[in-house]
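Visitor: Got a minute to go through this one with me? Let's have it on screen.
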Amino acid sequence: MAGDDFTLPSPEPSADTRQYWELAKSGHLGLPFCHDCDEFFFYPRGRCPHCMSRDIEFREASGTGTVTSYTTVYRPPVEHLQKQAPYVNALVELEEGVTMMTNLMVESEDDVQIGMDVSVTFVETDGEYKLPCFTPSN
């Protein structure tokens, strides 16, 4: 929905998120996976939110999911997103069972439905990292 001349700012990885962003940079959606409780989770962090284990690795995700909720943002909370507005934020339940907040790359909210299938795409930023967003699956 944003103009073609708009570029999102690059993320600034932390120690816990660096591998996630490195995978995204190469066009792969990675999810943290806990070896102790065999659960995926999202967002990346140093401990599993299910069992508090630190025995975590990143695994490549399918990159497909279903929209469970969405909203159109007309008045972004930060100045650098004002050129992008309006845009659609969504909660996407991935095949792996985790829910991810993301941007949907659609022309308008008329192109979005609860329950629609989506797949990951990677959007260039003003830095070296790409941002995982989702588009409707065909």
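Visitor: Why is there no bond between the sulfur of Cys 34 and the closest cysteine sulfur?
Guide: The closest one sits in Cys 51, 3.6 Å away, which is too far for a bond; a disulfide here is a pair of cysteine sulfur atoms within 2.5 Å. The structure has zero disulfides. Mind that this is a predicted model, where local features need pLDDT of at least 70, side-chain atom pairs count only at pLDDT 80 or more, and totals for chains, interfaces and linings use all residues. Residues are numbered from 1 along each chain as its sequence is written, and side-chain values use heavy atoms, with hydrogens and water left out.

Visitor: Is Cys 34 buried or exposed?
Guide: Buried, at 0% relative accessibility; the cut-offs are under 20% relative accessible area for buried, over 50% for exposed and partly exposed in between (1.4 Å probe, protein chains only). Cys 133 is buried too, at 1%.

Visitor: What stands opposite Cys 34 in strand 3?
Guide: Ile 56 does. Strand 1, residues 30–34, runs antiparallel to strand 3 over five bridges. Strands are DSSP runs of E, at least two residues, numbered from the N terminus, and two of them pair if DSSP finds at least two bridges between them.

Visitor: And what's the strand order in that open sheet?
Guide: 2-1-3, with antiparallel pairing. Strand 2 (39–40) and strand 3 (56–60) are the edges, each pairing on one side only.

Terms used. Helices (H or I, at least four residues) and strands (E, at least two) are DSSP runs, numbered from the N terminus.
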